Amino acid sequence: MSRVLSQKIEFVKGVGENRAKLLQEELNIKTVDDYLNIFPFRYDDRSSFQLIKDIRNDENVQLRGEIVSIDKIRGKKSNRLKATFKDSTGFIELTWFRGIKWIADNLQMNVPYVLYGKVNQYAGKKSIPHPELEHEQKFNQNANFLSIYPSTEKLNQRGVSMKIRRSILRNIFALISKGDIVETLPEHLIKQLKLCTRYESYYWIHLPNRQEEILSATNRMKFEELLFLQLRILQQKKQRDLQLIGLNFEIVGKYFNKFYNEKLAFELTSAQKRVIKEIRRDMGRGIQMNRLLQGDVGSGKTIVSLMAMLIAIDNGYQACLLAPTQILAQQHYQSIVESTKGLGIRIAYLSGSVKGKTRKELLHYLQEGHIDILIGTHAVLEDNVIFKKLGLAVADEQHRFGVVQRSKLWTKNNDIPPHILVMTATPIPRTLAMTAYGDLDVSIIDELPPGRKAVKTIHKNDAYRSFVTKFMKEEIRKGRQIYIVYPLIDESENLDLQNLQTGYEELLQSFPKPEYQITVVHGRMKPQDKDLEMQRFVSGKAQIMVATTVIEVGVNVPNASVMIIENAERFGLSQLHQLRGRVGRGADQSYCILMTKTRLSKYAQERINTMCQTNDGFKIAEVDMKLRGPGDIDGIQQSGVMDLKIADISHDSRIMETARHFAINILDKDPNLEQPTHLALKNHLSRLRLKNKNWGRIS
Ligand code: ADP
Ligand code: MG
């Protein structure tokens with residue numbers, strides 16, 4: 001860093017000892033460089049003037065005029081200062097509640113001022129409290145956009161106003177020259193993308209004269225930030241690829257081919273074929289696979305994972321498939337046993353409820369290599385579950401799986417870690433995937449099996465309950481089955497269960513036994529009871545299943561064609577989408593009915609609208625990210641990649657794509673950034689590394 005930038009802020013004109021101390025305490029600013037790196041969060045537009053006759057409540061306005069009267073008003077509790085401001089079109093009142101004496105002494109009547117402030121209307125009368133006033137001769141015609149910075153109570157009290165913050169900046173820019181703000185991007189990139197220089201970006205972001213300068217500065221800064229982020233992620237990924245030797249599955253043999261040619265009941269979608277190819281390539285290059293498989297609910301991820309497991313078996317290895325719940329694990333077990341009948345593959349099921357002799361035997365067979373595929377819950381991760389030769393571990397519904405649990409899989413083979421395939425139905429917006437999972441390989445199944453009809457989604461409030469009941473009866477008459485889901489925020493919350501219980505009892509009135517059979521499933525039930533109840537629904541004995549969100553993940557009952565979600569306003573978008581994915585699996589028209597109370601918050605309304613408008617999981621994920629902010633998306637918080645200062649991945653996806661594109665290009669040509677044109681990149685990257693020591697820990 002240049003000498004000027006590393007200088008203590010204290011020595012900049014207009015700062016001094018006291019303000020320097022304040023700036024350090026309040027904003028952690030020590031050096032000139034620190035000062036320059038606190039960016040405005042908005043700008044006051046001072047490029048035009050308004051007329052008093054046109055101004056409206058709640059608006060920021062800039063006026064030209066004079067003060068024609070000043071009055072001190074004594075109140076019961078406190079005093080205030082009142083002045084009348086006049087322009088060619090009318091009068092408006094100015095008021096002050098603090099610092100009255102100083103202001104009264106300094107205000108001048110009948111001289112031209114430029115005023116800026118926010119209009120406040122009270123009891124029909126407009127006024128401007130605490131306006132900024134400046135003599136018109138002193139007013140800087142060029143400074144049209146005034147930067148506004150994050151501040152603190154204390155800074156405000158001690159008079160470190162925005163005006164002063166900006167004047168310090170002007171003094172800083174008088175001290176430094178263009179060379180002090182060292183360029184970090186190669187010249188060809190700046191030219192090609194028509195970016196401003198780094199010096200310009202700093203100048204314009206703080207002291208812009210025109211809107212275009214703000215745009216140009218932020219654009220360049222965001223690009224720079226995201227380019228370095230991508231360079232870092234891509235380099236890390238390359239590093240990892242070099243280090244992690246993996247099993248080399250060269251053979252695609254008997255099991256895979258036999259299954260593909262004789263057992264597969266349907267034609268794979270082209271997306272499934274593409275993903276299987278990606279996985280095959282990944283597992284056959286001697287590097288450990290770490291792949292995230294994203295696919296909307298119902299897109300057919302299970303079959304893809306099964307075929308990957310068959311490759312492992314073809315190569316003499318075992319495979320395992322982990323699911324977050326017993327219900328789901330069991331369903332996988334049953335459907336995989338069914339679909340591989342006659343292939344001679346040995347499949348076993350393990351969960352916490354597999355005990356005693358059965359368990360002991362299973363563990364023994366597993367260790368001896370007599371089991372090819374182990375399907376189960378977290379129980380598979382326990383230390384005494386030992387494989388002979390584990391070649392592939394698949395984790396379904398990744399967001400229910402902690403990072404720690406996933407990393408446990410790595411140690412399940414003796415020397416070389418198994419290949420890892422993580423599957424998720426929660427679509428991750430592309431830009432987020434590029435950062436949070438930037439160093440994982442991502443496969444996407446972006447196509448549903450043919451013949452599926454899009455689920456129709458309808459929003460109803462409680463007033464329409466009888467309509468819903470009638471509709472349910474019609475569907476049941478057609479032979480369909482129905483889910484009714486209640487929110488369960490916290491499994492221990494009695495109130496939630498009570499909702500479900502009341503709902504169930506009301507339902508019994510409209511759907512009496514024995515004509516109708518209703519099953520109830522919730523998280524507080526014993527696993528055996530739960531499975532029994534589930535089974536009643538899966539087998540078709542019960543037409544209606546009342547449940548909490550236990551059924552959220554993975555259950556597959558193709559005959560169920562109606563999903564009713566109670567208190568839908570209490571669910572998040574991705575959860576609603578997951579739930580809706582439980583229907584629409586058969587050939588019949590399916591429906592999702594979102595039941596809510598009448599009055600909804602703005603965000604709840606937007607979630608419901610989004611659900612009614614689209615079935616596209618990726619679109620829903622984008623909206624979700626915008627509504628909640630990326631920090632709330634599962635698994636992102638711990639990832640440590642969100643320390644962006646100026647770019648915002650939920651809004652700057654276009655810039656992110658560009659940055660990733662160029663980062664890939666640059667590293668393709670020059671992996672270690674050794675060419676002279678990339679020297680600036682290399683230097684800045686290592687500077688950033690020094691600043692952020694925890695980068696290395698990102699998985
Ligand atoms: P998810 O991706 O949500 O895990 P599944 O793997 O459970 O989806 O698949 C949903 C249903 O679609 C299953 O019944 C499965 O057999 C079926 N399926 C999968 N792929 C195809 C395909 N290519 N054509 C027709 N049906 C398919
Ligand atoms: Mg699934």
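**A six-stranded parallel sheet and a ligand site in a predicted model**

Helix H19 (residues 527-538) lies across strands E18, E19, E20 and E21, and its direction runs at about 145° to that of E19. Here helices (H or I, at least four residues) and strands (E, at least two) are DSSP runs numbered from the N terminus, and axes are lines fitted to C-alpha atoms, for helices over the stretch in contact, with angles from 0 to 180 degrees between N-to-C directions. This is a predicted model, in which local features need pLDDT of at least 70 and side-chain atom pairs count only at pLDDT 80 or more, while totals for chains, interfaces and linings use all residues. Residues are numbered from 1 along each chain as its sequence is written, chains are lettered from A and ligands numbered from 1 in the order in which they are written, and side-chain values use heavy atoms, leaving out hydrogens and water.

The strands under H19 belong to an open sheet of six strands with parallel pairing, in the order E17-E22-E21-E18-E20-E19. At its edges are strand E17 (456-461) and strand E19 (518-521), each of which pairs on one side only. From one strand to the next, the twist averages 20°. Two strands pair if DSSP finds at least two bridges between them. For strand E18 (residues 481-485) and strand E20 (residues 544-547), the parallel pairing extends over four bridges, and tyrosine 483 has methionine 545 in E20 as its bridge partner. Helix H17 (residues 465-477) also packs on the sheet, touching E17, E18, E20, strand E21 (560-565) and E22, and its direction makes about 160° with that of E22.

Two residues give a closer look at the sheet. Threonine 596 lies in strand E22 (residues 591-596) and is buried, because its relative accessible area is 2%, where buried means under 20%, exposed over 50% and partly exposed in between (1.4 Å probe, protein chains only). Leaving aside neighbours within four places in sequence, threonine 596 is in contact (heavy atoms within 4.5 Å) with His459, Lys460, Asn461, Asp462, Ala568, Glu569 and Ile608. Isoleucine 518, in edge strand E19, counts as buried at 4% relative accessibility. Beyond four places in sequence, isoleucine 518 touches Tyr504, Leu507, Leu508, Phe511, Arg536, Ala542, Ile544 and Val546. Its C-alpha is 8.4 Å from that of tyrosine 504, which is 14 residues away in sequence.

The loop between helix H18 (494-510) and E19 contains proline 514. A cis peptide bond, with omega about -5°, joins lysine 513 to this proline. Most peptide bonds are trans, and most residues other than glycine have a negative phi. Asparagine 110 has a positive phi of about 55°; this residue sits in the loop between helix H4 (100-106) and strand E5 (113-118) and counts as exposed at 51% relative accessibility. Lysine 194 likewise has a positive phi, near 55°, in the loop between helices H7 (187-193) and H8 (198-206), and is exposed at 74%.

Turning to the ligand, 16 residues surround ligand 1, of which Gln272, Gly298, Lys301, Thr302 and Arg452 come nearest; a residue counts as near if one of its heavy atoms lies within 4 Å. A backbone N or O atom of glutamate 267 is 2.9 Å from a nitrogen atom of ligand 1. Glycine 298 places a polar backbone atom 2.6 Å from a ligand oxygen atom, and for a backbone N or O atom of glycine 300 the distance to an oxygen atom of ligand 1 is 3.1 Å. Taken alone, ligand 1 exposes 570 Å², and the protein buries 80% of that, with accessible areas from the Shrake-Rupley method and a 1.4 Å probe.

Note on methods. A polar contact is a pair of N or O atoms within 3.5 Å; within protein, one must be able to donate a hydrogen and the other to accept it, and residues adjacent in sequence count only if both atoms are side-chain atoms.
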